[in-house]
Protein chains: 2
Amino acid sequence: MNSNGDGMTQARETGTLGKLMVLLDLVTHADAPLRFTDILALAGQPRGTLHRQLSHLVEEGLLELDGDGRYAPGLRLLDFAARSWARNEFRMIAEPHLADLQQATGETVHLGVLRGSSIIYLDKVEGRQPVRMYSQIGNASPCYCTGVGKAALSLLPPDSLADLLAGLSFTRFTASTHASAETLLAEIREIADQGYAFDREEHEAGIRCVAAPVWSEDRTFVGGISITGPAYRLSMELLREWAVPVQLAAGRIMEGMRIRLGPRR
Amino acid sequence: MNSNGDGMTQARETGTLGKLMVLLDLVTHADAPLRFTDILALAGQPRGTLHRQLSHLVEEGLLELDGDGRYAPGLRLLDFAARSWARNEFRMIAEPHLADLQQATGETVHLGVLRGSSIIYLDKVEGRQPVRMYSQIGNASPCYCTGVGKAALSLLPPDSLADLLAGLSFTRFTASTHASAETLLAEIREIADQGYAFDREEHEAGIRCVAAPVWSEDRTFVGGISITGPAYRLSMELLREWAVPVQLAAGRIMEGMRIRLGPRR
DNA sequence: AAATTAAGTTCCACATAATGGAACAAAATA
DNA sequence: TATTTTGTTCCATTATGTGGAACTTAATTT
């Protein structure tokens, strides 16, 4: 049904909602609150149309309009997200195992899941310091330059993987960020073999990690967990040692899911 | 179209979006993932209509449909929320002052803002323990039984307050929860006079707090900050002492907003 | 296993809600 | 004050959502 011969254009067919979500994306991705005219330029909608669309979003609390006529993301989004997070089964099951892994290594542990071509971080367990909470949780990061991302990709069947890779555009965050689908694919094959992935300062200079893939049987969750830290403290040798505990923790999480969700899927 | 008996009911007129948001509310407020039929019963929509609406929400990542046909809140909500939170000016300005207050008292400090008749918690600074992040942040709590909520209400002009009170339905969480608009209004007047509010175990048994109101000049933010803790540790005398530092911190936050946002609104 | 019921999905004539051009109002700038 | 920019409202047109019914699939019962 999806004439996917050439391009990637699986144009969202969600009608009114789709158009509004594009606007919401625009506003939430902006670095600073946008004025009406800014959005007008970006969205390419007629003035009247845009005005009504924004009004609806504001009325629903998805956007907020301040006294200077600037649009910012609405706080109702926080309420939705709090529930989404609190009830997430994957996260709930993983929680104790993340804590164990943090205890064992003393470094920061992440849980992430693949959505589209992004990794969305579901949880983070840090060492001592009071956590700056949304600093990572909820953030969407590229799959091609994060440990969790590459671990997740190694779980995909070849055709899904190919589709996903074809749609990627590679931003070079550091000198070691993958710049093409070819080199990435090669590494993913390797990861699939060995069962764990590294991030060698590919997303952020000076930050390394080891990650292991985690998935649910129904493939609702395809993601991974990782141990992350500064390169000066986490040598590649150390990371290679930690591959084992990370894989063990991943295994325990999957076992937890199997029990929790039952065998019937 | 809208048989609006009295006239006050400004029933959401956001058309398609409004209907979809009702569904999103339904699913995110449910205790467990809902099946199609469950939602059908709750939403009172025709089957065909509901099916398409849910499909659109799923396609946009606002809902997720697992292998068993159960709908859960979508993870895209997390991404939106992370941005909403990260860029929130009120929160950014308040952050250091919350930390100071936490240091000074050793107890948990909250920042909340009034949206509709709910308080949405924007930040939380706890003592030692690693923070369970979404545990409070983003959560919407009733305004009539929280310190921050009552502090916020004390900022409203009489007519807005009256409107809001008229729309409230009082759930008794504990023995000391306000059960009527009359007693609540009396306390709010008192709070407006003295400039701080208490929560005397009104939302959760064994939990008390002192709160002070905070607002921005353009009234985009009407909320408050609070120090919260267990009743056995926080006597009412102690809370009365802390009213001063809480008010001072609130004052510093407002000063910060004035500087940051400029005088031109 | 076949029959029966329930659950979920697709279809299409119809009604509603979104569209967008233009006119209007309000600020900002000259 | 005149002029431009920015934001808001209006309404005939049209695209989109609606909902009843037919259909398919899965679960339950006989």
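Which helices of chain A and chain B each supply at least two residues of the surface near DNA strand C? In this predicted model, chain A brings in α1 (15-29) and α3 (47-59), while chain B brings in α1 (15-29), α2 (36-43) and α3 (47-59). The close-ups below start from there.

**View 1. The protein surface around DNA strand C.** Count the neighbours here and you get 17 residues surrounding DNA strand C. A:Thr49, A:Arg52, B:Thr37, B:Arg47 and B:His51 are the closest of them. On the DNA side, sugar and phosphate make up 70% of the strand C atoms that come within 4 Å of the protein. Sorted by class, the surface near strand C holds 10 polar, 5 charged and 2 nonpolar residues.

**View 2. Helix α3(A) beside DNA strand C.** With 4 residues, α3(A) gives the most to the surface near this strand. Look for A:Arg52: an N or O atom in its side chain sits 2.5 Å from a phosphate oxygen of DNA strand C. Then find A:Gln53, where a polar side-chain atom lies 3.4 Å from a phosphate oxygen of strand C.

**View 3. B:Thr37 at DNA strand C.** Now over to chain B. A polar atom in the side chain of B:Thr37 is 2.3 Å from a phosphate oxygen of DNA strand C. B:Thr37 is also listed among the closest residues to that strand.

**View 4. The protein surface around DNA strand D.** Here, 17 residues surround DNA strand D, and the closest are A:Thr16, A:Thr37, A:Arg47, B:Thr49 and B:Arg52. Sugar or phosphate accounts for 64% of the strand D atoms within 4 Å of the protein, and bases make up the rest. The nearby surface splits into 5 charged, 2 nonpolar and 10 polar residues.

**View 5. Chain A at DNA strand D.** From chain A, the helices α1, α2 (36-43) and α3 each supply at least two residues of the surface near DNA strand D. Two contacts are worth picking out. At A:Thr16, a polar backbone atom is 2.8 Å from a phosphate oxygen of strand D. At A:His51, the partner is an N or O atom of the side chain, 3.0 Å from a phosphate oxygen of strand D.

**View 6. Chain B at DNA strand D.** Both α1 and α3 of chain B supply at least two residues each to the surface near strand D. The largest share of that surface comes from α3(B), with 4 residues. Check B:Gln53 too: an N or O atom in its side chain lies 3.4 Å from a phosphate oxygen of DNA strand D.

Definitions and conventions
Residues are numbered from 1 along each chain as its sequence is written. Chains are lettered from A and ligands numbered from 1 in the order in which they are written. This is a predicted model: local features need pLDDT of at least 70, side-chain atom pairs count only at pLDDT 80 or more; totals for chains, interfaces and linings use all residues. Side-chain values use heavy atoms; hydrogens and water are left out. A residue is near a molecule or strand if one of its heavy atoms lies within 4 Å of it. A polar contact is a pair of N or O atoms within 3.5 Å; within protein, one must be able to donate a hydrogen and the other to accept it, and residues adjacent in sequence count only if both atoms are side-chain atoms. Ala, Val, Leu, Ile, Met, Phe, Trp, Tyr, Cys and Pro count as nonpolar, Asp, Glu, Lys and Arg as charged, and the others, Gly among them, as polar.
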